[in-house]
Amino acid sequence: MPTTPATATHSSSNGSAEAIMLELVDESGTTIGTAEKLSAHQAPGRLHRAFSVFLFDERGRLLLQRRALGKYHSPGVWSNTCCGHPYPGEAPFAAAARRTYEELGISPSLMAAAGTVRYNHPDPASGLVEQEFNHLYVGLAQDAPEPDPEEVGETVFVTAEELAERHAEGPFSAWFMTVLDAARPAIRELTGPSAGW
């Protein structure tokens, strides 16, 4: 995994990982505190800040990732290009760009805010809960992904029609359709009407 200034501050000098902290927010998205990542996802879940990225190629195809099998939350399922959580005090846009690079080895082009969505999605397989205030971003992927295998098992670019077929076959992350539907207006603006999003 590439080390960035943000990731470097979250590992200790002896090489052991420190607890990853998330920003807790109220219903309007105002920061009200912090919580350790796993505890924030344990039922019933604590509302926290998150982000979701949707990147498209020049043909208007969406870059999907299959989450690595070793991930503790939603392993092996398909999801949007990248999703995650800003560190406390980190701007969601900066976090989205950072994690897209860390997970996929690409820097998004023309990435723009696409609104926010609030949801509560339990994951039946793990018992964890996604209680999130999610900042959405859309942009272009102009380089081929080079995924970090600890984060991403597989990637694929899909048309809107191909996504519908894949989604019917599953499995997808519990939050995928919620964030996709919320981002659709910005996706249509980015990709144009002919892409079918």
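What covers the buried residues of helix α5 (176-191)? The cover includes β3, β4, β5 (78-79), β7, β8 and α4. Helices here are DSSP runs of H or I with at least four residues, strands are DSSP runs of E with at least two, and both are numbered from the N terminus. Buried means under 20% relative accessible area, exposed means over 50%, and partly exposed lies in between, with a 1.4 Å probe and protein chains only. The buried residues of α5 are Phe-176, Val-179, Leu-180, Ala-183, Arg-184, Ala-186, Ile-187 and Thr-191.

Before I continue, please note that this is a predicted model, in which local features need pLDDT of at least 70, side-chain atom pairs count only at pLDDT 80 or more, and totals for chains, interfaces and linings use all residues. Residues are numbered from 1 along each chain as its sequence is written, and side-chain values use heavy atoms, with hydrogens and water left out.

Let us stay with α5. This helix has 16 residues, yet its end C-alpha atoms are only 19 Å apart, short of the 22 Å that a straight helix would reach at 1.5 Å a residue. The expected span is 1.5 Å times one less than the number of residues. Where does α5 bend? The bend, of about 55°, is at Arg-184, and a proline, Pro-185, follows within four residues. A bend at a residue is the angle between axes fitted to the seven residues ending there and the seven starting there. Just after the helix, Gly-192 takes a positive phi of about 85°.

Helix α3 (residues 92-104) can be described in the same terms. Its 13 residues reach 18 Å from the first C-alpha to the last, close to the 18 Å expected at 1.5 Å a residue. Among its buried residues are Pro-92, Ala-95, Arg-98 and Leu-104. Gly-105 follows α3, and its phi is positive, near 70°.

I now turn to the nonpolar cores. A nonpolar core is a set of buried Ala, Val, Leu, Ile, Met, Phe, Trp, Tyr and Cys residues joined through side-chain atoms within 4.5 Å. The largest one has 24 residues, of which Phe-54, Leu-62, Leu-64, Leu-163, Phe-176 and Ile-187 touch the most other members. The elements that give two or more residues to this core are β3 (48-56), β4 (62-67), β7, β8 (129-140), β9 (152-158), α4 (160-169) and α5. Which element gives the most? It is α5, with six residues. Apart from this core lies another, of 13 residues, among them Val-53, Ala-96, Met-111 and Val-152.

Leu-64 shows the surroundings of one core member. Contact means heavy atoms within 4.5 Å. Leaving aside neighbours within four places in sequence, Leu-64 is in contact with residues including Trp-78, Val-156, Leu-163, Phe-172 and Phe-176.

Ser-52 is found in strand β3. Is Ser-52 buried or exposed? Ser-52 is buried, because its relative accessible area is 0%. Beyond its neighbours within four places in sequence, its contacts include Asn-80, Cys-82, His-135, Tyr-137 and Val-179.

Next come strands β7 and β8. They pair in the antiparallel sense over 10 bridges; two strands pair if DSSP finds at least two bridges between them. Val-117 stands opposite Asn-134 in β8. The two strands form a hairpin with six residues between them, and Gly-127 in the turn has a positive phi of about 80°.

Arg-118 is found in β7 (residues 109-122). This residue counts as partly exposed because its relative accessibility is 31%. Its side chain makes a polar contact with the side chain of Glu-27 at 2.8 Å, and another with the side chain of Gln-131 at 2.5 Å. A polar contact is a pair of N or O atoms within 3.5 Å; within protein, one must be able to donate a hydrogen and the other to accept it, and residues adjacent in sequence count only if both atoms are side-chain atoms.

The partner Gln-131 has its place in strand β8 and counts as buried, because its relative accessibility is 9%. Not counting neighbours within four places in sequence, Gln-131 is in contact with Pro-44, Leu-47, Arg-118 and Tyr-119, among others.

Finally, Ala-43 lies in the loop between α2 (37-41) and β3. At 57% relative accessibility, Ala-43 counts as exposed. Outside the residues up to four places away in sequence, Ala-43 touches Gly-127 and Val-129.
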